[in-house]
Amino acid sequence: MRILVVEDEPLLADAVAQGLRHEAHAVDVAYDGAAALERIDVNDYDVVVLDRDIPAVHGDDVCRAVVEKGETRVLMLTAAAGIDDRVTGLSLGADDYLPKPFAFRELAARVTALGRRARPAAPPILRRAGISLDPHRREVHRDGRYVPLSRKEFAVLTELLRADGTAVSAEVLLEKAWDENADPFTHAVRMTILKLRRKLGDPAVVLTEPGVGYRIP
C-alpha cells in the first residue's frame, strides 16, 4: 500500500514509517499539516496515519481534505484519549482512531485493515498461475516451493496478483511499492521485475505488455 504518516514528532514519525516499510508498504512522511496537504494533492494514498494535533494546518482540516478527496482511509492519532475526542475525530470522517501511546503492532494491524477497506475486497490468499501469496505472513510459494522475496519484490508481486490478469503499468507499480523519494526515471521497476522473474523460476510467469506494463496471465 501507499501510506502517508503525518506526525510532528520526527522520531516517532520516522519510527512508524520505518516499521511500515518493513511491512512492505511504500511510506511518505509529513511533519506538519501544510506538508501533508501538499503530498495528498500530488499522491494517491491508500491510508493516511494522521496525528490530530499538528502545526501549520490542524489535523482536523487535513482529515477533512482527505475525506473530500475520496477513497483514502484515515487512521487518526492523538494524545487525547477521551470519548469526546474520539467522537469528534470520527465525526470528521476518520475511519479509525488510536490514542497515544500505542503499540506499533496494533497500529500496523489497523493500517492493514483500513487498506483492505480502501480497495476492492481480495481473498486472504492471492493465487494465480501456480503462485500463492499470503499478505499476512508475507510468504510466497510457487507450485509448493517457497520463494524468498525482498520487500519491494513482495509489494510488486502483490500488485500484479491483485490485478487479476490485467496489466499494471510501471508508473502504478512505482507509486504503490516505492515512496515519494523514488526517481520515476530510474530502472527500479524493471530491475525488480527481472529479479522477481528469476526467483519465481521457469516457465516465466510475469509477462511484459509493451507500452502497457506487466501482468501475470
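This is a short walk through the model, stop by stop, with something to select each time.

You're looking at a predicted model, where local features need pLDDT of at least 70, side-chain atom pairs count only at pLDDT 80 or more, and totals for chains, interfaces and linings use all residues. Residues are numbered from 1 along each chain as its sequence is written, and side-chain values use heavy atoms, with hydrogens and water left out.

**Stop 1: Asp-51**

Select Asp-51, which sits in strand β3 (residues 47–51); strands (E, at least two residues) and helices (H or I, at least four) are DSSP runs numbered from the N terminus. UniProt, in an unreviewed entry, lists Asp-51 for "modified residue: 4-aspartylphosphate". UniProt positions follow the numbering used here, feature names are shortened, and annotations may be inferred rather than shown by experiment. Is Asp-51 buried or exposed? Asp-51 counts as buried because its relative accessibility is 3%; the cut-offs are under 20% relative accessible area for buried, over 50% for exposed, and partly exposed in between (1.4 Å probe, protein chains only).

Now show what Asp-51 touches: leaving out residues up to four places away in sequence, its contacts include Glu-7, Asp-8, Thr-78 and Lys-100. Contact here means heavy atoms within 4.5 Å.

**Stop 2: strand β7 and its neighbours**

Jump to β7 (residues 131–134), which is covered on both faces: Ile-131 and Leu-133 are buried on one side, Ser-132 and Asp-134 on the other. In a regular strand, side chains alternate between the two faces of the sheet.

Add β6 (residues 126–128), which runs antiparallel to β7 with three bridges joining them; strands pair if DSSP finds at least two bridges between them. Two residues separate β6 and β7 in their hairpin, and Ala-129 in the turn has a positive phi of about 55 degrees.

Then add β8 (residues 139–142), antiparallel to β7 over four bridges. This hairpin has four residues between the strands, with Arg-138 at a positive phi near 55 degrees. Click on Ile-131: its bridge partner in β6 is Arg-128, and Arg-142 stands opposite it in β8.

**Stop 3: the cores**

Which residues have the most contacts inside the largest nonpolar core? Leu-157, Leu-160 and Val-206 do, in a core of 26 residues. A nonpolar core is a set of buried Ala, Val, Leu, Ile, Met, Phe, Trp, Tyr and Cys residues joined through side-chain atoms within 4.5 Å. Elements giving two or more residues to this core are β7, α6 (151–162), α7 (170–177) and α8 (188–200), and α6 gives the most, with six.

Finally, select Leu-4, Leu-50, Met-76 and Leu-92, which are among the 19 residues of another core, apart from the largest one.
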